[in-house]
Structures are given as C-alpha cells and as structure tokens.
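Me: I am working through this structure and would like a close look at one part of it. Please take it slowly and show how that part fits with its surroundings.

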Amino acid sequence: MRRIPLLWALLILSSTMMPQGAADEPPEDGSEGTSYFQHLLIPENESVVWENLTVIISGILDISGTLELRNTTLILDGQSEYVMVNGTLNITDLDGDPGSRSDSSMVLFNGTDDRNILMNEGSRVNIGRSFLRGLRIGNPYTTDTRMSVMDTEMENCTLYVKDDDKLKDLQISGSANASIPVLESYSRSLLSISDIMIADSESGIRILQGSLELVNLTMKNCSGGIYVGPSTTLYLRSSLINGSELPISSKGGVELIDSIIESGKCYFDSSPLIARGCHFRYTDGLEGVTSGLLINSTFDSCSRALVKPRFLTITLNRFVDCTRAVIDDSDCLLYHNSFRSCKYIVEGQVLSSWYNQDLREGNHYSSYRGLDDGTGDRVAGDGIGDTDIPYLGRDMYPLMKDRFWLMPDIPDLIATYSQGSSSVNLTWTEQHDADGYLVQRSTSPFFDRSVTSWSVRGNGLVTEDNPNATLHFRVSAFNEFGYRGWSRPSMVRVDQAPLPPVNIRISPVPEGGALLVSWEFRGEDVNRTYVLFGKEGGFQTLMDVPFPENRVTISGLLNNVSYNISLMTVDGSSRTSGRTENISAVPTDSVPPPPPRSLRATPKTNNSIEIMWDPPL
C-alpha cells in the first residue's frame with residue numbers, strides 16, 4: 001500500500017500542506033496538512049493512505065480503489081458533495097483511545113442537509129474508533145456490499161445495513177429529520193447488532209426486510225422508536241428504550257427478551273409478540289397484539305397495560321399500580337398473573353378465559369375481598385373481576401393464592417469489575433421469601449454456552465474469572481415452590497492490561513556510543529515492547545521491538561553522557577502496561593587502543609638516543 005496523501009486529484013483548488021518537521025522538532029501548527037478539493041478520484045487498483053490530515057471537499061470523492069483514513073478529518077463542505085464507494089473505504093484512528101475525538105478520524109458534513117457515503121455493488125466500508133456527522137452510509141438498492149462500523153460515535157447519521165454487516169459499540173445522536181431513520185435494515189436473513197446507544201433522534205430504527213436482532217440497545221429520547229415492517233421480525237434482547245412516544249410500531253413479528261421499555265405506546269398492527277422477562281414502566285400499553293406469549297414480565301405504573309390483545313397467552317406477569325390493566329381482551333388465556341393496586345383490572349369487553357381449566361387456577365388480585373361467587377342468578381359485582389354471567393359456579397376471575405404464585409420476586413443484579421484484577425463482584429436485591437439464589441455466568445448474552453452456576457444463600461458473590469473476556473451474569477431467587485425467572489443480565493469486561501517487563505539489564509557496548517538493553521516478560525499476552533530513551537531532562541525516543549525479542553542495542557549515543565531508559569509492553573489489543581521506572585546509564589568506550597607501529601631508536605650522543613614510532617592504525 002502506498003502512503004501518498006491526497007493523490008489523484010482531478011481538480012485541486014488550493015493546498016496548504018507542508019513537509020513534516022525534523023524528528024526532534026515538533027511540527028508547526030497546520031504543517032500536518034489542510035487541503036481543499038472540488039473533486040477527487042482514487043482510481044481502481046490504487047491504495048492510498050491519508051494520515052494526520054484535514055481534507056475539505058466541496059464536490060465528489062470517488063473511491064474506485066482503496067482509501068484509508070488514519071487520524072484524519074474529512075469535511076464535506078458544499079452543496080452537492082458526496083462520497084461514492086466502488087472499492088474500499090477504511091476509516092480509523094491512529095492507535096487512539098476509543099471514544100476520544102481528539103485522536104480519532106472524523107468525517108463531517110458542514111451543512112443543513114445530510115450527505116451520502118454511497119456504496120455501489122462490490123464496495124466495502126470499514127469504520128472504527130471514529131466520529132461521523134451528517135452522513136447517510138450505505139445503499140438500500142444494492143446487494144453485494146459489506147459494512148463494518150465498530151466503536152464509533154455518530155451525530156445526525158443514517159446507516160443502511162444488510163446481511164453480513166457488522167455493527168458494535170456505537171453511540172448515535174440526533175437525526176437529520178423525522179422522516180430519515182438512524183438505522184434502516186434490509187437483511188435477507190438474520191442480522192445481529194450489539195451494544196448501540198441512540199439518543200435525541202427524531203427518528204429511530206426501521207426494519208424493512210428480513211430479521212434484525214438488537215442486543216444491549218439503549219435508545220433514549222427518540223420519538224420514532226423501532227418500526228417493524230410487514231413480513232419482518234425484531235429480536236430485542238437486554239435492551240432499554242426510554243423517552244419514546246412510539247417505542248415499537250410493528251406490522252411484523254416481535255420478540256422481547258429481558259428488556260425495559262419506559263414511556264410511550266407500543267403499537268402492533270394485528271401482529272404477534274413474544275415477551276419474556278421484560279419491564280414496561282410508565283407506558284401507554286401494548287396495543288393490538290394478535291397471538292403469542294407474554295410471560296414473566298412486569299407492567300409498572302402504566303396508564304394502560306394491554307389494549308385489545310387477541311389470541312395471546314398471558315401468564316406469570318405482574319401488573320402493579322396500573323390505571324387500566326387489560327382493555328377489550330378477546331380469545332386470550334390469562335392465568336397465574338398478579339394484579340396489585342390497579343385501579344381497573346379489566347375494562348370494556350371480556351371475551352377471554354381468565355382461568356386455566358387444567359390447573360384450575362386463575363390470577364391474584366391484591367384487593368380481592370372474596371365477595372364474588374357467581375352462583376345462581378347472582379351478578380358478581382365487587383369491582384374486582386366482575387362478570388355479567390355466572391361462570392362454572394365460581395367467579396370468572398378466581399383468587400389464585402395469598403401471594404403471587406408463592407415464589408420470590410426476581411432480584412435486581414449489579415456486577416462490577418476493578419481494573420487490573422481478575423475478580424467480579426456480584427450484588428443483588430434481597431428477597432424476603434427466598435430460600436436461596438442461583439447465579440449463572442456465561443460468555444454468551446443468551447446463556448447458551450460456557451455456563452457456570454452457583455447456589456448462594458446470601459445476596460452477594462465474588463467470582464475469579466479469566467482476564468480479557470466479556471462475561472454475562474444473571475441471578476434468580478428460589479424457594480420450595482421454585483423460581484419466577486432470571487434477572488436482567490449484567491455484562492462486564494474483564495480487561496487486564498499486560499504486565500511491564502522485569503529483570504531489565506543495561507550495559508555499555510565496549511566500543512562506545514551504544515547501550516545494550518535486555519529484559520524478561522511476565523505473562524504471554526504480549527505483542528511488542530516499547531523501549532524509551534533520551535538524555536536526562538530531554539526528549540525521549542521510542543523503539544518498537546516485536547515479540548519475542550527481549551534485547552536491543554541503542555546506538556548513535558554520545559559517550560560519557562547520561563541517558564534515561566524505561567520500558568513498557570503492548571498486547572494484541574493495543575493495551576499497554578505501565579512504564580517501568582527510569583534507569584540511568586552512560587555509554588563509554590572501554591576498548592584499549594592498539595600499540596604504536598614501527599618503533600625506531602637512533603643514537604644521538606654518548607648518553608642519549610632518539611626514539612620514534614608510527615601511530616596505530
């Protein structure tokens with residue numbers, strides 16, 4: 001790959017690029033390069049790297065070959081500018097810290113409308129540890145494209161994603177306008193996206209084709225929420241949607257697992273739903289669900305919980321402090337649910353079965369007074385589960401138990417990890433009617449592989465875990481009657497940096513002008529060693545020594561001058577150890593000179609001689 005900044009310009013308007021300064025002198029402000037272009041072409045079969053630059057384009061950037069941005073700011077600054085990708089575009093920082101704009105690549109549009117990074121057939125776009133603003137990336141009308149966006153912050157951007165695209169660790173804020181989504185999915189099969197934060201956007205996510213799985217999604221203050229199109233499916237796992245007027249609008253299938261939805265109304269256009277272990281708080285309800293399963297979930301302080309559900313099995317759920325719990329239900333089966341302090345449990349038509357005929361049990365109502373028996377011609381009417389007709393000699397909504405299903409509630413779990421250690425501290429809310437707690441750890445958020453379990457009496461646990469791994473934990477409370485379900489998973493990254501070198505030895509090279517440095521490694525996760533040296537109180541130079549080399553000669557030094565030397569190791573993920581303490585060393589010339597040549601003695605007087613010789617070579 002050729003590292004040629006800004007090559008192949010079709011039309012260059014002006015340039016202030018300057019040559020880089022000497023190694024021991026910092027470059028002047030702006031000397032790293034600011035260039036202006038109207039149109040720019042990277043031809044096919046050409047590979048170009050822009051590094052530590054600012055590039056301003058007022059027209060079209062056409063990438064038919066490969067362009068890589070490293071720690072570079074690309075500004076689209078005009079009326080008709082866009083980036084057309086027919087080849088490969090790589091955007092990354094230059095060994096910078098994730099999430100830090102100061103040392104990341106940035107692609108910005110300075111204008112009121114959004115601009116495209118348009119991906120044509122066969123193109124590739126790879127973005128990592130960067131900042132993007134005002135862009136629409138992808139192409140909904142092509143098929144053979146690949147996009148990878150990792151650990152990146154975006155503002156007023158839209159991503160058009162498809163099969164085999166990879167998105168992870170994204171922070172997205174704002175959207176160009178309410179009609180343009182933050183993310184639009186066109187996958188032909190199942191596309192999985194994890195660890196995304198979307199905030200303060202007029203629009204949200206649209207699924208227009210195939211299936212989309214969202215894991216650890218956080219969506220805050222986005223009025224648009226998630227739209228699920230016809231014949232598509234949304235899988236939402238371990239996620240949070242907060243502050244949305246319409247968190248989910250679905251004409252397809254939806255599966256919600258261990259997720260929280262706060263505020264707004266989820267609307268289902270006669271579409272199915274499976275919801276397990278979810279928490280709906282301060283919402284205006286789930287409206288229009290047709291078929292599916294609602295289990296082990298909680299509706300807390302909702303103005304309406306379930307509106308017009310049909311053919312839905314509703315079991316092992318809690319309805320707490322809801323104004324209206326169930327409205328106009330039809331052909332549903334409701335049993336083993338707990339209704340606590342709800343003003344109206346049912347409202348409108350009641351065309352469902354609130355009683356499991358096989359178990360001969362129904363639901364629990366905290367305000368039940370036992371006044372409804374439904375016998376004879378009597379109309380039950382205490383305001384709790386009322387019905388206009390007798391039902392099998394008993395109330396249509398019989399009391400199940402004194403406590404909800406006699407099982408303890410689901411605890412809230414917190415997992416914390418201290419940097420540099422290998423232990424994870426787990427704590428959870430104590431349940432007064434629990435006999436114990438079951439804790440599970442897995443490398444998968446779905447707990448379908450590498451699962452380890454502990455049975456614990458108290459409400460805390462410290463685990464010793466392997467370094468450099470992403471781990472997921474969950475807990476459930478149990479007693480003699482069983483357990484209700486699992487807590488929302490808690491994820492931690494056991495991310496241990498490499499250890500610095502030890503047994504560092506520094507000795508002068510006998511010929512002088514150089515020092516020999518050697519060391520030993522601690523641990524195996526080492527990719528390279530940085531050796532830093534310089535005069536006392538002066539600028540330090542870095543030497544990059546690849547693993548497994550553990551010795552290096554520093555040459556070009558001045559004899560009889562003191563130098564400070566320190567070392568640090570780097571692992572395969574670019575994590576660095578701490579620097580060792582400075583060690584002072586002085587280069588010296590310790591090799592004795594050779595003897596003189598051609599020694600000659602000549603008598604001069606009776607008592608003196610003259611001695612002469614040639615200097616050594």
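Between which strands is the loop that holds the place of Asp321?

Reply: The model is a predicted one. Asp321 sits in the loop that runs between β32 (318-320) and β33 (324-335). Its phi is near 55 degrees, which is a positive value in a residue other than glycine. Is Asp321 buried, partly exposed or exposed? Its relative accessible area is 44%, so Asp321 counts as partly exposed, a class that lies between 20% and 50%.

Phe447 makes a useful comparison. Phi of Phe447 is also a positive value near 55 degrees, again in a residue other than glycine. Phe447 too is a loop residue, placed between β39 (436-442) and β40 (452-456). Its surroundings are another matter: Phe447 has a relative accessible area of 9% and is therefore buried, since the limit is under 20%. Another backbone detail in a loop is the peptide bond from Phe547 to Pro548, which is cis, with omega near 15 degrees. Pro548 belongs to the loop between β48 (541-546) and β49 (551-555).

Now back to the strands beside Asp321. On one side of the loop is β32, residues 318-320, and that range takes in Phe319. What does Phe319 touch, once its neighbours within four places in sequence are set aside? Its contacts include Phe299, Ala305, Leu306, Ile314 and Ala325, and also Asn337, Ser338, Phe339, Arg340 and Cys342. Phe319 is listed with Trp50, Ile226, Leu256 and Phe299 as having the most contacts inside the largest nonpolar core, which has 83 residues. Strand β19 (residues 205-220) gives this core its largest share, six residues. The core also draws at least three residues from each of domain 1 (35-173) and domain 2 (265-406). A second core, separate from this one, has 18 residues, among them Tyr417, Val424, Leu426 and Leu461.

On the other side of the loop is β33 (324-335), and from here a series of parallel pairings can be followed back along the chain. β33 runs parallel to β31, to which four bridges join it. Within this pairing, Ser330 of β33 stands opposite Arg310. β31 (residues 310-315) is joined in turn to β28 by five bridges, again running parallel. Here Arg310 of β31 is the bridge partner of Thr290, so Arg310 appears in each of these pairings. β28 (residues 286-295) pairs with β26 over seven bridges, in the parallel sense, and Gly292 of β28 stands opposite Leu273.

What does β26 (residues 266-276) pair with besides β28? With β24 (residues 253-257) the pairing is parallel, over four bridges, and Arg276 in β26 is the bridge partner of Ile257. With β23 (residues 248-250) the pairing is parallel as well, over two bridges. There, Ser249 is opposite Tyr267 of β26. Behind all of these pairings stands a general rule: strands of a sheet pair through backbone hydrogen bonds, either parallel or antiparallel.

The antiparallel kind can be found further along the chain. β45, β46 and β49 form, in that order, an open sheet of three strands with antiparallel pairing. β45 (502-508) and β49 stand at its edges with a single partner strand each, so one side of each has no neighbour in the sheet. From one strand to the next, the twist averages 20 degrees. Five bridges join β45 to β46 (residues 514-520), and Leu515 in β46 is the bridge partner of Pro508.

β50 (residues 563-570) gives a last antiparallel case. Eight bridges join it to β47 (residues 528-535), with Met568 of β50 as the bridge partner of Tyr530. β50 also pairs with β51 (residues 583-585) over three bridges, in the antiparallel sense, and there Tyr563 stands opposite Ala585. In a regular strand the side chains alternate between the two faces of the sheet. In β50, Tyr563, Ile565, Leu567 and Thr569 point one way, while Asn564, Ser566, Met568 and Val570 point the other way. Eight of the eight residues in β50 are buried, in contrast to the partly exposed Asp321 in its loop.

Conventions:
Residues numbered from 1 in each chain as written. Predicted model: local features only at pLDDT ≥ 70, side-chain atom pairs only at ≥ 80, totals over all residues. Heavy atoms only, no water. Core = buried A, V, L, I, M, F, W, Y, C linked by side-chain atoms within 4.5 Å. Buried < 20%, exposed > 50% of the residue type's maximum accessible area, 1.4 Å probe, protein only. Domains from an automatic or database assignment. Contact = heavy atoms within 4.5 Å. Pairing = 2+ DSSP bridges. Axes fitted to C-alpha atoms, helices over the stretch in contact; angles between N-to-C directions.
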